[in-house]
Amino acid sequence: MNPLDPVRLRRALADHLEEGGVLKTPAWRKAVETVPRELFLPMFFKHETGPDGLTHYTPVSRDTDPGQWLALVYQNDTWVTQIDGHLTAEAADRPVTGFPTSSSTMPSTVVGMLESLDVDDNMNVLEIGTGTGYSTGLMCHRLGEDSVTTVEVDPAVAQRADAALEVAGYSTWTITGDGLLGHPRRAPYDRTIATCAVRRIPYAWIRQTKPGGIILATVGPSAWTYGTGLAKLTVNEDSTASGRIIGRTSFMPARAEAVVPLSGDLTARAAYPDTERKTGLSPNVLNDWMPAFLAQLAAPGAQLVRTISDSRETVYLFDTGREAFAALTADGDEWTVRQGGPVTIWDAIESTLTAWHDAGEPDISTVRMEVTPEAHAYRIGEEPALRWKHRHQPLSD
Ligand SMILES: C[S@@+](CC[C@H](N)C(=O)[O-])C[C@H]1O[C@@H](n2cnc3c(N)ncnc32)[C@H](O)[C@@H]1O
């Protein structure tokens, strides 16, 4: 028996996802066993951490090493297919570094989301972030090609996905455009699913999803690459949407919302604080997922930057939209925080994390949320200190 037989590999992947409790329903199992992931990944980047601590991406291709390529295709892993908005594995002849901008997400995440979407036959779905088209293919298998509309912002990525979907046998609706606007021409949808992260649920998705329909998307109000949650919302008759965070997920940010790293002299940006004090809360707490999620709720739009100079660590939080900052410096085990601008970023994070700690550190799945045309409201339980309201304003950075 050939261990590199795609049919066997697909079955093994389905078994793996089922054993892990991710794959639950026969219809999605059939889709995983049928849709050839290799068609969507003729080339991709393998990732490993280099001696410099950076992630190095090495091109892998069907043509140069078919054995390794196929084995990796069916590994439960995310394979990056584009770096820095343009570089594909086809164009790279050596390992590269950079920021992943398109990928085939690991099957356990894709299938876990599809299971959470609670689809039924005859439903139609809007997908934001086509990427390679693999998740689109799974949905086409489950629901039929006419019931799936997928939007990809990058024209070259959309074209490759559309071609791969055709080869897989699905003439689906692959739209090139900004998925934050949905796709009104094929609305209303029973389900809207996003495989890129958003700072907030675009109101267009609520307008384009039927009452009773579900929206599933990764949210993180400050666009950090971690500390994000998978929001599952039901659209209400009054054109609001409500639901909760059902777990952790991490996705690359929607392109228009990706944070441009701050450059230049950061010390100068934080040179004139309004206040300075000791804080009992180490910013290292933000390395953990739930505190990072809560920090984004408490200080939406704040960028987190860590620097080390003369072996002294400084952790900055910059809210460039509101021209505010917090700068935390270590003195042995003690931290000093200097804050400037119209909002006190660290005070907000500190009181949120203290209230969360006092409430017994509930996990991310206790976060409920409601989206109206005016605002996003998040809460944990009934505790006033664990409520956050983000009024909608144009994104400014
Ligand atoms: C993680 S990949 C998608 C994975 C894909 N579903 C799969 O299974 O292969 C995220 C994709 O979202 C796309 N994207 C980012 N911002 C977008 C936007 N505003 N509208 C539509 N697509 C977007 C990226 O170009 C990228 O291809």
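This section describes the fold, the ligand shell, the domains and selected local features of a predicted model.

The chain contains eleven helices and 19 strands. Its C-alpha atoms occupy a box of roughly 65 × 55 × 35 Å along the principal axes. For a chain of 397 residues, a compact globule would be expected to have a radius of gyration near 21 Å, and the value of 22 Å found for the chain agrees with this expectation. Of the 397 residues, 44% are buried. When contacts in the chain between residues at least 6 apart in sequence are considered, 59% of them link residues that are at least 24 apart.

The shell around the ligand comprises 27 residues, of which the closest are S102, G129, G131, S135 and G179. Strand β4 (100–104), helix α6 (134–143) and strand β6 (148–152) each contribute at least two residues to this shell, and the largest share, four residues, is supplied by β4. Sorted by class, the residues of the shell around the ligand are twelve nonpolar, eleven polar and four charged.

The chain is divided into two domains, with domain 1 spanning residues 105–256 and domain 2 spanning residues 261–358. The centres of domain 1 and domain 2, taken over C-alpha atoms, are separated by 33 Å. Across the boundary, nine residues of domain 1 are in contact with twelve residues of domain 2. On the side of domain 1 that touches domain 2, three residues are nonpolar, five are polar and one is charged.

Strand β16, formed by residues 334–340, is mostly covered, with five of its seven residues buried. Two antiparallel pairings involve this strand. In one, strand β12 (residues 275–279) is joined to β16 by five bridges, and R277 has V337 in β16 as its bridge partner. In the other, strand β15 (residues 324–331) is paired with β16 over seven bridges, among them the one that matches D331 with E334 of β16. The strands β15 and β16 also form a hairpin with two residues between them, and G332 in the turn adopts a positive phi of about 65 degrees.

Helix α10, which covers residues 289–298, is largely enclosed by the rest of the structure, because seven of its ten residues are buried. The buried residues of this helix are P291, F293, L294, A295, Q296, L297 and A298. The elements that cover the buried residues of α10 include strand β10 (229–235), helix α11 (345–358), and the strands β18 (375–380) and β19 (387–391). Within helix α10, residue A295 may be taken as an individual case: 27 other C-beta atoms lie within 10 Å of A295, so A295 is classed as buried, the threshold for that class being 20 or more. With neighbours within four places in sequence left aside, A295 is in contact with G227, L286 and I349. By comparison with these contacts, A295 and E18 are 277 residues apart in sequence and lie 34 Å apart in space, C-alpha to C-alpha.

Several backbone features in loops were also identified. A cis peptide bond joins A187 and P188, with omega at about 5 degrees, and P188 is located in the loop between strands β7 (173–176) and β8 (189–194). Positive phi values in residues other than glycine occur at D84, where phi is near 55 degrees, and at S239, where phi is about 65 degrees. D84 belongs to the loop between strand β3 (79–83) and β4, while S239 belongs to the loop between β10 and β11 (241–248). The surroundings of D84 hold 11 other C-beta atoms within 10 Å, so D84 is exposed, given that the exposed class requires 12 or fewer. S239 has 14 C-beta neighbours inside 10 Å and therefore counts as partly exposed.

Note on methods. Residues are numbered from 1 along each chain as its sequence is written. This is a predicted model: local features need pLDDT of at least 70, side-chain atom pairs count only at pLDDT 80 or more; totals for chains, interfaces and linings use all residues. The radius of gyration is taken over C-alpha atoms; the globule rule is 2.2 Å times the number of residues to the power 0.38. Two residues are in contact if their C-beta atoms, placed from the backbone, lie within 7 Å. A residue is near a molecule or strand if its C-beta atom, placed from the backbone, lies within 6 Å of it. Ala, Val, Leu, Ile, Met, Phe, Trp, Tyr, Cys and Pro count as nonpolar, Asp, Glu, Lys and Arg as charged, and the others, Gly among them, as polar. Two strands pair if DSSP finds at least two bridges between them. Domain bounds come from an automatic or database domain assignment.
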